[in-house]
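Okay, thanks for coming, everyone. Let me put the sequence and the structure up on the screen, and then I'll talk you through a few spots.

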Amino acid sequence: STRGKGLYAFTEAVNAQLRAWNAREGLCFLYCPHTSASLTINENYDPTAQADLETFLERLVPDGERWYAHDLEGPDDATSHLRAMLTETSLTIPVDEGRLTLGTWQGVYLFEHRSHAHRREVWLRVMEVTE
């Protein structure tokens with residue numbers, strides 16, 4: 001669940017699922033089946049890095065441009081789709097020792113591009129190395 005625009009960390013939820021599946025080594029595939037939300041890997045230590053990313057996307061694709069035609073679901077309709085297009089809908093991350101193999105300061109985020117709260121899904125698959 002989201003509360004509106006912004007980054008929502010879920011690295012630990014993925015790691016918990018990997019532990020539940022006893023997935024030790026392989027590849028983790030994450031997919032966001034939405035056209036107005038996306039996925040990203042970004043710094044998870046300093047919250048100002050997240051704020052800068054959110055501000056950057058707001059400035060790159062500002063709300064309220066007169067040329068936007070797509071507003072079927074509201075004034076954030078066109079902008080949410082444009083922002084999702086500029087980011088990722090899927091990620092592939094190595095798994096080692098039962099955890100996502102991320103850099104020291106990296107975290108996995110859902111990027112909500114809508115102004116209002118939504119219930120989002122992220123699909124997770126693992127391709128495990130077997131001996």
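Let's start with a quick one: which residue stands opposite tyrosine 31 in β4? It's serine 90. Before I go on, please keep in mind that this is a predicted model.

So, where does that pair sit? Strand β2, residues 26-31, and strand β4, residues 90-96, pair in the antiparallel sense over six bridges. Another pair across those two strands is phenylalanine 29, which stands opposite threonine 92 in β4. Zooming out, we're in an open sheet of four strands, ordered β5-β4-β2-β7, with antiparallel pairing. At the edges you've got β5 (99-100) and β7 (123-128), each with a single partner strand, so each has one side left without a neighbour in the sheet. As a reminder, strands of a sheet pair through backbone hydrogen bonds.

Stay on β4 for a second, and look at the side chains, which alternate along the strand. Leu91, Ile93 and Val95 are buried and point to one face. Ser90, Thr92, Pro94 and Asp96 point to the other face, and those are not buried. On its other side, β4 pairs with β5, again antiparallel, over two bridges. There, valine 95 stands opposite leucine 100 in β5. The hairpin of β4 and β5 has two residues between the strands, and in that hairpin glutamate 97 takes a positive phi, near 55°.

Now step back to the loop between α3 (77-86) and β4, where you'll find threonine 87. Its side chain joins the side chain of serine 38 through a polar contact of 2.6 Å. Leaving aside neighbours within four places in sequence, threonine 87 is in contact with Ser38, Leu39, Leu57, Phe111 and His113.

The loop on the other end of α3, between α2 (47-60) and α3, holds aspartate 76. Is that one buried or exposed? It has 7% relative accessibility, and the cut-off for buried is under 20%, so aspartate 76 counts as buried. What does its side chain make a polar contact with? That would be the side chain of arginine 114, at 3.0 Å. Not counting residues up to four places away in sequence, aspartate 76 touches Arg114, Ser115 and His116.

Next, helix α1, residues 11-21. Its buried residues are Thr11, Val14, Asn15 and Leu18. Looking down the axis of α1, those buried residues fall within an arc of 100°, so they line one face of the helix. The general rule here is that an α-helix has 3.6 residues a turn, so residues three or four places apart point the same way. What do the buried residues of α1 pack against? Quite a list: β1 (6-9), β2, β4, β5, β6 (106-112) and β7. On the face of α1 turned away from its buried side, you get the exposed residues Ala13 and Ala20. And right after α1 comes asparagine 22, with a positive phi near 55°.

Last stop, the largest pocket, with a volume of about 210 Å³. β1 and α1 are the elements that give two or more residues to its lining. Among the lining residues are Tyr8, Ala9, Ala13, Val14, Arg120 and Glu121. We've met Val14 already, as one of the buried residues of α1.

That's my tour, so over to you.

How values were computed. Residues numbered from 1 in each chain as written. Predicted model: local features only at pLDDT ≥ 70, side-chain atom pairs only at ≥ 80, totals over all residues. Heavy atoms only, no water. Pairing = 2+ DSSP bridges. Polar contact = N/O pair within 3.5 Å; in protein donor to acceptor, adjacent residues only side chain to side chain. Contact = heavy atoms within 4.5 Å. Buried < 20%, exposed > 50% of the residue type's maximum accessible area, 1.4 Å probe, protein only. Arc of directions from axis to C-beta. 1 Å grid on protein atoms, 1.4 Å probe; cavity = no way out; pocket = protein on both sides within 12 Å on 5 of 7 lines; lining within 4 Å. Points joined across faces, edges and corners; volume = space filled by probe spheres on them.
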